[in-house]
Amino acid sequence: MKLTDNVLRSFRVAKVFRENSDKINCFDFSSNGETIISSSDDDSLVLYDCQEGKPKRTLYSKKYGVDLIRYTHAANTVVYSSNKIDDTIRYLSLHDNKYIRYFPGHNKRVTSLSMSPVDDTFISGSLDKTIRLWDLRSPNCQGLMHLQGKPVCSFDPEGLIFAAGINSEMVKLYDLRSFDKGPFATFKLQYDRTCEWTGLKFSNDGKLILLSTNGGALRILDAS
């Protein structure tokens, strides 16, 4: 199916799920598209079966809270940020509901999490004005960037570069192999006082960047 304007306008709500008692703060599709997992401010992780269209399982993170949930390349493991006790990122096995690894380092709330599309690398941004690079196989930070403001960040579809949106007014592109040398491209956007950027995502062809906000607008940047 090609997603044209007319096709999108024809979409209708097919089913409503009411599994949560508080706001759903994030959800993510598995790489095979067969399941969705959601995280909520009620500390729950709900797994949905896309083929059957129904909830499959519910797990809880009562002690740490859960936000920004992301599937890894395996359909039975996820990473997510904490929004209660500390700002550690956690790597969880959905199979037995046990933590595989912790990723400490940020000292303020994590605002972005993005898995590399090609390997076990992932990236995180935080209100502590840093971006950190990680590898699922090690609890130690693999790379650290200090910024001048709050970041949102994401990998491109090929996993070769990543984008950092800073202070809701600037997007910088970095080569993953040489990010310590600074950005190879910078885009300055007009600052909007009525909203802040809450997320950043590349289009499938890597040419466009979508910036989500906490206001009533989405912003699209041509990064080609």
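This passage describes the two domains of the chain, the interface that joins them, and the surroundings of Lys62.

The structure is a predicted model, in which local features need pLDDT (the predictor's confidence in each residue, from 0 to 100) of at least 70, side-chain atom pairs count only at pLDDT 80 or more, and totals for chains, interfaces and linings use all residues. Residues are numbered from 1 along each chain as its sequence is written, and side-chain values use heavy atoms, with hydrogens and water left out. The chain averages a pLDDT of 93, and 100% of the residues score at least 70.

An automatic or database domain assignment divides the chain into domain 1 (20-104) and domain 2 (111-223). Their C-alpha centres lie 21 Å apart. To the contact (heavy atoms within 4.5 Å), domain 1 gives 14 residues and domain 2 gives 17. About 1200 Å² is buried between domain 1 and domain 2, with 71% of this area from carbon and sulfur atoms; buried area is the accessible area (1.4 Å probe) that two parts lose on being put together, summed over both.

On the side of domain 1 that touches domain 2, strand 5 (67-71), strand 6 (77-81), strand 7 (89-93) and strand 8 (98-103) each supply at least two residues. Strands here are DSSP runs (E, at least two residues), numbered from the N terminus. Across the interface, zero salt bridges are found, a salt bridge being a side-chain nitrogen of Lys or Arg within 4 Å of a carboxyl oxygen of Asp or Glu.

Turning to a single residue, Lys62 sits in the loop between strand 4 (54-60) and strand 5. Leaving aside residues up to four places away in sequence, Lys62 touches Asp42, Asp43 and Lys84. The C-alpha atoms of Lys62 and Asp41 are separated by 9.9 Å.

Technical notes
Helices (H or I, at least four residues) and strands (E, at least two) are DSSP runs, numbered from the N terminus.
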